[in-house]
Amino acid sequence: MRDAITLQQRGIPAVALVTERFVSLAQHVARGQGMPHLPLVVLPPQVDFMTPEELKPIADRAFEDVAGKLVAPAPPKRAV
């Protein structure tokens with residue numbers, strides 16, 4: 001999460017991967033760091049306990065989501 005924020009702040013496109021349980025926390029942290037539009041890809045809970053066979057379709061979808069968010073235009077930034 002912090003890595004994605006740091007990269008975005010440096011102008012490098014990044015996406016944070018979070019499980020469903022931590023979406024709210026991730027959004028709160030991103031807002032607190034001045035990155036309210038930080039792209040997130042939400043994974044199902046307990047991915048760390050899944051077998052490779054169970055994880056493969058989730059990883060494939062996550063890859064597509066990450067790739068799509070990395071090439072999507074960024075939301076407009078507020079004038080300072």
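Which residue follows α1, and what sign does its phi have? That is G11, and its phi is positive, near 85°. I will come back to α1 after the overall layout.

First, the conditions. This is a predicted model, in which local features need pLDDT of at least 70, side-chain atom pairs count only at pLDDT 80 or more, and totals for chains, interfaces and linings use all residues. Residues are numbered from 1 along each chain as its sequence is written, and side-chain values use heavy atoms, with hydrogens and water left out.

The protein has three helices and two strands, taken as DSSP runs numbered from the N terminus, with helices being H or I of at least four residues and strands E of at least two. In sequence order the pattern is α-β-α-β-α. The C-alpha trace spans about 50 × 25 × 15 Å along its principal axes. Of the 80 residues, 25% count as buried; buried means under 20% relative accessible area, exposed over 50%, and partly exposed in between, with a 1.4 Å probe and protein chains only.

Now the strands. β1, residues 16-19, and β2, residues 40-43, pair in the parallel sense over four bridges; pairing requires that DSSP finds at least two bridges between two strands. Within that pairing, A16 stands opposite L40, and V18 has V42 as its bridge partner. Helix α2, residues 23-32, joins β1 and β2 in a right-handed β-α-β unit. Right-handed here means that, with the strands pointing away from the viewer, the path from the first strand over the helix to the second runs clockwise.

Back to α1. Its buried residues include A4, I5 and Q8. These three cover an arc of only 100° around the axis, so they sit on the same side of α1; the arc is that of the directions from the helix axis to the C-beta atoms. As a general point, an α-helix has 3.6 residues a turn, so residues three or four places apart point the same way. What do the buried residues of α1 pack against? They pack against β1 and α2.

That brings us to the core. A nonpolar core is a set of buried Ala, Val, Leu, Ile, Met, Phe, Trp, Tyr and Cys residues joined through side-chain atoms within 4.5 Å. The largest one has 11 residues, among them A4, I5, A16, V18 and L40. α1, β1 and α2 each supply at least two residues of this core, and α2 gives the largest share, three residues. Another core, of six residues, lies apart from it and includes V15, L43, V47 and I58.

A16 is worth a look on its own. Leaving aside its neighbours within four places in sequence, A16 is in contact with M1, A4, L38, P39, L40 and V41, contact meaning heavy atoms within 4.5 Å.

Last, the loop between α2 and β2. Is G34, which is found there, buried or exposed? G34 is exposed, with a relative accessible area of 51%. Its C-alpha atom is separated by 21 Å from that of T19, 15 residues apart along the chain.
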